[in-house]
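Visitor: I should like to understand how the terms used for a protein structure are justified. Could you take me through the reasoning, term by term?

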Amino acid sequence: MSAGGSTKVVITAMCSNLGVALVKLAAALLTGSGAMMSEAIHTFVDTGNQILMLIGMKRSQIPPSKQYPFGHHRELYIWGFIVASVLFFGGGVMAIFNAVHHLLHPDAPEHLRIFGHEIYEPLFNSIVLIIGGAMEFSSLRAAWKEFTDDAEGLNPFRAFRESTNASTLVVLVEDVSAMVGLGIALLSQILIALTGWWWIDGTASLLIGFVLLIASYALVREMFGLNIGENSDPELAESIRELVSSHAGVEHINELIVEHRGPHSVLVLLSVDGRDSASLGDGEKLVTRIENSIKSQHEEVNRVFIEFQSKKDSDQAIAVLMEDYEPHEEAV
C-alpha cells in the first residue's frame, strides 16, 4: 500500500483539536464536570501530539549525510512512538486520575447563568459536546479518506497493521478515540439530566481514560514495529521477489529483506545465487539491471544492496544465524 504521509491531514487535525479543546475547557471550568475535563485534557494532548508529528515529518526530510548515510527517514516513526507514549500518560492516565478525583469528590449538577439565561449544566455540556463532535468529524473524515486510499481495498484492521503511514495512523487513532470519548461524555450528560445521578460523570471520565489507554496501546504497538524494522508490506516484498526472479542470470533468491525506514524510504537487501559461468562483468551488469528495475517499479525504494552467494552457503549462514537467536536454557 502507499506509504505517503500528509501534512494537510495533520494540520487539519491540529487546528480542529485546538478549537475543540478550548471549547471543552471553558465548559469544564464553568460546570465542574469531570467528563468534560477529561475530554478537554484528551483534546489538548491530541493538539500537542499533532505538533510533535509535524516536527517528525519535517525532520524526516533531512537528506543523507556522512554521519547518517540513510538519512533521517526513520525519525517520523520515532516521533510517532513518542506521540503514542504521550497519549498514554498525558491522556489516559490523567483522565483516569481526574475520574477518581470526581468519584471521590463529586459535584452535583447545577444551573448556570450565561448571558442572563439559566441553563442546566448537563444540557450546556451536551451542546458543547455536539459542537465539538462536528469539529472533530471533519478531521476524522480527512484522516479516514487518506487511510482508505492507502488501504487499496484491504479491510481496516489489516490495513492498520500493514500501513507505514505514521502521520495518518496517529491522526486516525486520535480522532477515532476522540469520537468515542465524545460519545461517552454526551451519553453521560444525557443520563445525568434524566436521573440526576452524580456518579455517572466520574464513571464516564473513567471510561474515557480506558479508551485512551487502549488507543495508545494500539498506536505504540504499530510504531514500535515500524521502529525496529517490521516487514509490514508483504505485497511489496512479493512484487520485488517476482521482479528479481524474472531476470535472466538469477538462479535462486536466497534471502530478501524489505525494510521501511520511513514513509518514502524503503531499504532492500538481496542475496541471490547467480550462474556459475557468469563473469564478474556479467554480474555487475545484472546488479545494475535488478536495481534499476526495482526502483523504476517501486518509487518508495531508494536503496538496494545485492550480494551473490551460492544457495548452499546462504542456507548454512542463515542456519547459523538462527541458532544464535535460539533462547538458551539458562535464559528461559
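Guide: Let us begin with contact, which means heavy atoms within 4.5 Å. The model before us is a predicted one. In it, helix H9 (residues 280-297) lies across E3, E4 and E5, and H9 runs at about 150° to E5.

Visitor: What is the order of the strands in the open sheet?

Guide: The order of its 3 strands is E3-E4-E5, and the pairing is mixed. From one strand to the next, the twist averages 15°.

Visitor: Why do strand E3 and strand E5 stand at the edges?

Guide: Strand E3 (250-262) and strand E5 (301-308) each have a single partner strand, so one side of each is left without a neighbour in the sheet.

Visitor: How do you know that E3 and strand E4 pair?

Guide: Two strands pair if there are at least two bridges between them. E3 and strand E4 (residues 265-274) have 10 bridges, in the antiparallel sense, so the definition is met. Within this pairing, Glu259 stands opposite Leu267 in E4.

Visitor: What makes Glu259 buried or exposed?

Guide: Buried means under 20% relative accessible area. Glu259 has 17% relative accessibility, and therefore counts as buried.

Visitor: Why is the meeting of Arg74 and Glu259 called a salt bridge?

Guide: A salt bridge requires a side-chain nitrogen of Lys or Arg within 4 Å of a carboxyl oxygen of Asp or Glu. For Arg74 and Glu259 the N to O value is 2.2 Å, so the pair satisfies the rule. This pair links distant parts of the chain: Arg74 is in the loop between H2 and H3, while Glu259 is in strand E3, 185 residues apart. Arg74, at 18% relative accessibility, also counts as buried. Arg74 and Glu259 are linked with Arg261 in a network of salt bridges.

Visitor: How many salt bridges does the rule give?

Guide: The count comes to 8. Among them is the one between Glu291 and Lys295, whose closest N and O atoms are 2.9 Å apart. Glu291 and Lys295 are 4 residues apart in helix H9, and therefore about one helical turn separates them.

Visitor: Why is Lys145 called exposed, and what is Asp149 called?

Guide: Exposed means over 50% relative accessible area, and partly exposed lies between 20% and that value. Lys145 has 54%, so Lys145 is exposed. Asp149 has 46%, and is therefore partly exposed. Asp149 and Lys145 form a salt bridge, with their closest N and O atoms 3.2 Å apart. Both lie in helix H4.

Visitor: Why does buried Glu136 have no salt bridge?

Guide: Glu136 is found in helix H4. The nearest side chain of opposite charge, Lys24, is 4.3 Å away. A salt bridge needs the atoms within 4 Å, so the pair of Glu136 and Lys24 does not qualify. Glu136 nevertheless touches Lys24, and its other contacts include Ser16, Thr43 and Asp175.

Visitor: What makes a nonpolar core?

Guide: Such a core is a set of buried nonpolar residues joined through side-chain atoms within 4.5 Å. The largest one has 29 residues, of which Met53, Phe147, Leu169, Val171 and Leu219 touch the most other members. Helices that each supply at least two residues of this core include H1 (7-31) and H7 (199-227). A second, separate core of 18 residues includes Ala237, Val268, Leu286 and Ile294.

Terms used:
Residues numbered from 1 in each chain as written. Predicted model: local features only at pLDDT ≥ 70, side-chain atom pairs only at ≥ 80, totals over all residues. Heavy atoms only, no water. Axes fitted to C-alpha atoms, helices over the stretch in contact; angles between N-to-C directions. Buried < 20%, exposed > 50% of the residue type's maximum accessible area, 1.4 Å probe, protein only. Lys, Arg positive; Asp, Glu negative; His and termini not counted. Lists of a residue's contacts leave out its neighbours within four places in sequence.
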